[in-house]
Amino acid sequence: MTKSKIRFNILIIVIILLLIASIYKMKHFNDIDILNAATNASSKLYSNKNSLPTTNIPTTNDATTTQFAKLATDSVNDLLLKVEKLIDSKNLDFSEKQKQNLQEQQENLQNLQNLKNLQQNKNEITYKRENATILTLCRNDDLYSILTSIREVEDRFNNKFHYDWVFLNNEEFSDEFKLKTSNIISGKTKYGIIPEEHWSYPDYIDLEKAADKRKELAGKGVIYASSESYRHMCRFNSGFFYKHPILNDYKYYWRVEPDVKFYCDINNDPFKYMVDHKKIYGFTISIHEFELTIPTLWETTQSFLKENPNFIAKDNLLNFISNDNGLTYNLCHFWSNFEIADMDFWRSEAYESYFNYLDKSGGFFYERWGDAPVHSIAAALFLPKDQIHYFEDIAYRHGVYG
């Protein structure tokens, strides 16, 4: 290699290194602009001392604030750490004006953090919450779809009431999941792992038969026909979620799934309504079940009722689930991806006996029984109809239904 080529290559390397250093420096200067926009937006948001905001960084039309918001769900405390890291940086040559700007941001953010704590303490004292929690069953890869749902619930409801939020998963939640969800929830967050025995095949299930039945159902074009995890989920939601140790501390729950929408503010506490009016089960949408997924569910239910007629409530809601006084099931059910209910009902002798009877029959695995028809049939038969409530004032949507 000639000397001129060596010099040229050295020059190219030097230029690349200078470019990298320049980009690194520009990145951090851009961080200053983003932090500044985010702090200003936060200041405006926190200036209203009468209510605690849902999120710490609002999404606005301002480009840099939106850019910062998209970085995820940083709390005020996270912003403080970012600012302090920039202030302490030894590698960046800030102007006096930039240093002053960063120090002002640090002071503003500390004030915002103090205000947030004061407001949260005030809300803890002034509002007496019911013994209830919001509940979500999801996985780590549902993170961004559940963040959408959390934002909906917090914006429309929970920023005023600060209920706890329980997350359950059959695997350990990641640190990223915990950080990003907890940062935008105004109440306490709790994360639990589902016991293996609640998310696996019981000993009495013939695995070969179950596999054959999945193939058979898939051949008929039924949604989730081949999915084993979907069946475990339906069985868990039918008979195990309310037994999780985390939920032992609560009486009521509000089920929230990923990618749901709430179109109107919820200014009254649904949990308080349930307690004050002695309601046990609340819903927003009722639809029909896919008949191919539950061919023997009603037959199995009828067998259970013949053995346990004492569990049937007087003045029940049989006419909701049957058009012929119980001879057949009309496929109507409350869509359980939204439900607000008293877990003591699921823990009752009537429901536990019913679930165990269904479970032993194998229908969750040999067919594709969902928790929606199971919950609906149980509520319709074992509760007086005046203990079931339609939340017509909650504008809710999930998927194609709303």
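In this predicted model, the largest pocket holds about 980 Å³ of space. Its lining is made up of 35 residues, and those lying nearest the centre of the pocket are Tyr224, Tyr230, Met233, Glu257 and His398. Three elements give two or more residues to this lining: helix H8 (228-239), strand S7 (286-288) and helix H15 (371-382). Of these, H8 supplies the largest share, with four residues. By class, the lining of the largest pocket comprises 16 nonpolar, 11 polar and eight charged residues.

Enclosed space comes next. Rolling a probe the size of a water molecule over the atoms shows where empty space is left. When the whole structure is searched, one cavity of 30 Å³ or more is found. The largest cavity has a volume of about 100 Å³. Its walls are formed by Leu135, Thr136, Leu137, Leu168, Phe236, Asn237, Phe241, Tyr253, Arg255, Val256, Glu257 and Glu339. Strand S1 (132-137), H8 and strand S4 (252-255) are the elements that give two or more residues to this cavity lining. The greatest contribution is that of S1, with three residues. In terms of class, the residues lining the largest cavity divide into seven nonpolar, two polar and three charged.

It is worth pausing on what links these two spaces. Glu257 is one of the residues nearest the centre of the largest pocket, and Glu257 is also listed in the lining of the largest cavity. H8 likewise appears in both settings, as an element giving two or more residues to the pocket lining and to the cavity lining.

H8 also takes part in helix packing. The axes of H8 and H13 come within 10 Å and cross at roughly 155°. An angle over 145 degrees counts as roughly antiparallel, so H8 is roughly antiparallel to H13. On the H8 side the contact involves Arg235, Ser238 and Gly239, which meet Tyr351, Glu352, Phe355 and Asp359 in H13. The residues of this contact comprise two nonpolar, two polar and three charged.

H13 (residues 349-361) has a further partner in helix H10 (residues 297-307), and the axes of this pair come within 10 Å and cross at roughly 130°. That angle makes H10 oblique to H13. The crossing of H10 past H13 is right-handed. Leu297, Thr300, Thr301, Ser303, Phe304 and Glu307 of H10 make the contact with Ala350, Ser353, Tyr354, Tyr357, Leu358 and Ser361 of H13. Sorted by class, the contact of H10 with H13 has six nonpolar, five polar and one charged residues.

One more helix pair completes the picture. Helix H5 (residues 143-161) packs against helix H6 (residues 175-183) at an angle of about 15°, and their axes lie 10 Å apart. Angles under 35 degrees count as roughly parallel, and H5 is therefore roughly parallel to H6. H5 passes H6 in a crossing that is right-handed. In H5, the residues Leu143, Tyr144, Ile146, Leu147 and Ile150 meet Glu176, Phe177, Lys180 and Thr181 in H6. Six nonpolar, one polar and two charged residues make up the contact of H5 with H6.

How values were computed:
Residues are numbered from 1 along each chain as its sequence is written. This is a predicted model: local features need pLDDT of at least 70, side-chain atom pairs count only at pLDDT 80 or more; totals for chains, interfaces and linings use all residues. Side-chain values use heavy atoms; hydrogens and water are left out. Axes are lines fitted to C-alpha atoms, for helices over the stretch in contact, and angles run from 0 to 180 degrees between N-to-C directions. Angles under 35 degrees count as roughly parallel, over 145 as roughly antiparallel, 65 to 115 as roughly perpendicular and the rest as oblique. A crossing is left-handed if the near helix is turned anticlockwise from the far one by less than a right angle, and right-handed if clockwise. Contact means heavy atoms within 4.5 Å. Ala, Val, Leu, Ile, Met, Phe, Trp, Tyr, Cys and Pro count as nonpolar, Asp, Glu, Lys and Arg as charged, and the others, Gly among them, as polar. On a 1 Å grid over the protein atoms alone, a cavity is a set of points where a 1.4 Å probe fits but cannot get out, and a pocket is an open set with protein on both sides within 12 Å along at least five of seven lines; lining residues have an atom within 4 Å of a point. Grid points are joined across faces, edges and corners, and a volume is the space filled by probe spheres set on the points.
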